[in-house]
Amino acid sequence: MAPSGSRNIKRNCQRVLYWIPVLFIWLIVAWSYYAYVVQLCIATVENMAEKIVYLLAYHVLFIMFVWAYWQTIFTKPLNPLKEFHLSHSDKELLEREDRGESQQEILRRLAKDLPIYTRTTSGAIRYCDRCYVVKPDRCHHCSVCDKCILKMDHHCPWVNNCVGFSNYKFFMLFLTYSLLYCLFVTATDLQYFIQFWTNGLPDTQAKFHIMFLFFAASMFSVSLASLFAYHCWLVCKNRSTLEVFRAPAFRHGTDKNGFSLGVSKNFRQVFGDEKKYWLLPVFTSLGDGCSFPTCLMNPDPEQPASPSGNAAIKSDGETHLFPAKPLRESQSRLLSNGLSWAESEGTGNKDCQGESQTVDPEWLLGLIFLES
C-alpha cells in the first residue's frame with residue numbers, strides 16, 4: 001500500500017505544480033487590468049472622450065481574451081471513441097502473442113472497419129499499449145495527461161491542457177485576442193509612458209504601473225506575434241505541431257501535405273463554415289476528430305468499400321459515419337460544394353484520383369501554395 005500511496009501523493013503534487021504557469025498568467029492579467037483601468041485610464045488620462053474610448057475598447061478585448069483563455073483551459077480534450085478501444089478478449093489475445101507480425105495481424109483485423117489511413121513509419125497499425133486503443137488518424141498519446149488525444153497539437157503548460165481537436169480553435173482565438181490585447185495596451189500606453197519617462201507628468205503612484213505595463217505588454221506582444229504567426233501557418237497547411245516534426249505516414253509513405261485541402265478549406269476545418277462564429281470561442285470545428293478528409297493520390301486498399309461509400313460505427317446509441325475512402329469528394333464537407341460530411345456516392349461526384357480534368361481550382365491553388 002505504501003508504494004501506491006506515495007505514487008498518489010506524487011501525482012497530486014504534480015497536478016498542483018502544473019497549475020503554477022496558469023496562476024502566473026492570471027496574476028499578470030489581473031494586475032494589468034488594475035494598472036490599465038485604474039492607474040492609466042482613471043488616474044492619468046484627463047480627456048473624458050479618450051478615457052471612454054480606451055475603457056470601452058479595452059473591455060471588449062479583455063472579455064474576449066478571458067473567454068477564449070477560459071475555454072482553452074477547461075475544454076476537455078477528446079479521446080478516441082470506444083470503437084477504437086480493444087475489448088478485454090482482444091487485449092488478452094494481443095498480450096499472448098509475441099510482438100511482431102502476429103500482433104500486427106490482430107491489429108489489422110481490428111482496424112479493418114475503422115477509418116484509419118495513417119500508419120507508423122514502418123507501415124504498422126498505430127496502436128497505444130497504454131490506452132489499449134487503435135489510434136485514429138492524427139491521434140497521439142500525451143505523456144502528461146497519460147491519454148490519447150484526438151488531433152493532438154501539443155501539451156501547453158500555460159493552459160495546463162492538451163491542445164487538440166476539441167480546443168484548437170479556442171487556442172487560436174486565445175492567441176489572437178491576447179496579441180490584440182497586448183498591442184492595444186502598448187499603443188495606448190505609449191504616450192503616457194514617454195511623458196513619465198521624460199518627467200512630463202507628476203511622479204505619482206501610477207508612474208510605476210504605467211511604465212511596467214508598457215514593458216510587459218510590448219514584450220508579450222513580440223512573443224505572442226511569433227507564436228500566432230506560426231500557428232496561422234499550421235492552420236493554412238492543415239498540420240499540427242507534432243506533424244511538422246514528424247510527417248504523417250500513409251501506406252504509400254510519408255506525406256506532409258496528406259491532410260491539406262487548400263488554405264480556405266483548411267481554415268474552415270478548424271473554424272467551421274459559419275462566419276458569424278469564427279471570432280467567438282464556441283466550438284464550430286468540422287468533423288468528429290476521429291477521421292479527416294485527405295487528398296492522397298493512392299487509395300488505401302485495406303479500406304473496404306461499402307454500398308453507401310461510408311463506414312458506419314455505432315456508439316452509445318448513436319451512429320457515427322466515417323468516409324470509407326479518403327478520396328471521395330462527395331463524402332466530405334470540406335471537399336464538396338455545400339454537401340454534408342456523410343453524403344453518399346449517389347451525388348455523381350468522382351474520385352480525386354479520376355478528376356484530373358475537373359480539379360477544384362481552389363484546391364489546386366492551395367496545393368500550389370503548399371508546394372511553394
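Here, buried means under 20% relative accessible area, exposed over 50%, and partly exposed in between (1.4 Å probe, protein chains only). With that in hand, helix H9 (residues 263-271) is a good place to begin: Lys265, Asn266, Arg268, Gln269, Val270 and Phe271 are buried there. Helices (H or I, at least four residues) and strands (E, at least two) are DSSP runs, numbered from the N terminus. This is a predicted model, in which local features need pLDDT of at least 70 and side-chain atom pairs count only at pLDDT 80 or more, while totals for chains, interfaces and linings use all residues. Residues are numbered from 1 along each chain as its sequence is written, and side-chain values use heavy atoms, with hydrogens and water left out.

**The chain as a whole**
- You will find 10 helices and 11 strands in the chain.
- Of the 372 residues, 46% are buried.
- Among contacts (heavy atoms within 4.5 Å) with a separation of 6 or more, 62% join residues 24 or more positions apart.
- About 19,100 Å² of the chain is exposed, and carbon and sulfur atoms supply 62% of that area; accessible areas come from the Shrake-Rupley method with a 1.4 Å probe, and for residues only the protein chains shown count as cover.

**Annotated spans**
- The unreviewed UniProt entry lists residues 16-36, 52-70, 170-188 and 208-230 as "transmembrane region"; its positions are given in the numbering used here, feature names are shortened, and annotations may be inferred rather than shown by experiment.
- Residues 52-70 are 100% helix and 0% strand, with end C-alpha atoms 27 Å apart.
- Residues 208-230 are likewise 100% helix and 0% strand, and their end C-alpha atoms lie 33 Å apart.

**A small sheet**
- Strands pair if DSSP finds at least two bridges between them, and three of them form an open antiparallel sheet in the order S1-S8-S9.
- Strands S1 (118-119) and S9 (253-254) stand at the edges with a single partner strand each, so one side of each has no neighbour in the sheet.
- Strand S8 (residues 249-250) is joined to S9 by two bridges and runs antiparallel to it, with Phe250 opposite Gly253.

**Salt bridges**
- A salt bridge is a side-chain nitrogen of Lys or Arg within 4 Å of a carboxyl oxygen of Asp or Glu, and the whole structure has seven.
- Arg138 and Glu243 meet in one of them (2.9 Å, N to O). Arg138 lies in the loop between strand S3 (133-134) and strand S4 (140-142) and Glu243 in helix H8 (residues 241-245), so the pair ties together parts 105 residues apart in sequence.
- Both partners are buried: Arg138 has 3% relative accessibility and Glu243 has 5%.
- In helix H5 (residues 101-111), Arg108 and Glu105 are three residues apart, about one turn of the helix, and their closest N and O atoms are 2.7 Å apart. Glu101, Glu105 and Arg108 are linked in a salt-bridge network.
- Back at H9, Arg268 forms a salt bridge with Asp273 (3.0 Å, N to O); Arg268 is buried at 18%, whereas Asp273 is partly exposed at 33%.

**A buried loop residue**
- Phe84 sits in the loop between H3 and helix H4 (88-96) and is buried, with a relative accessible area of 1%.
- Leaving aside residues up to four places away in sequence, Phe84 touches partners including Leu114, Tyr132, Pro136 and Cys290.
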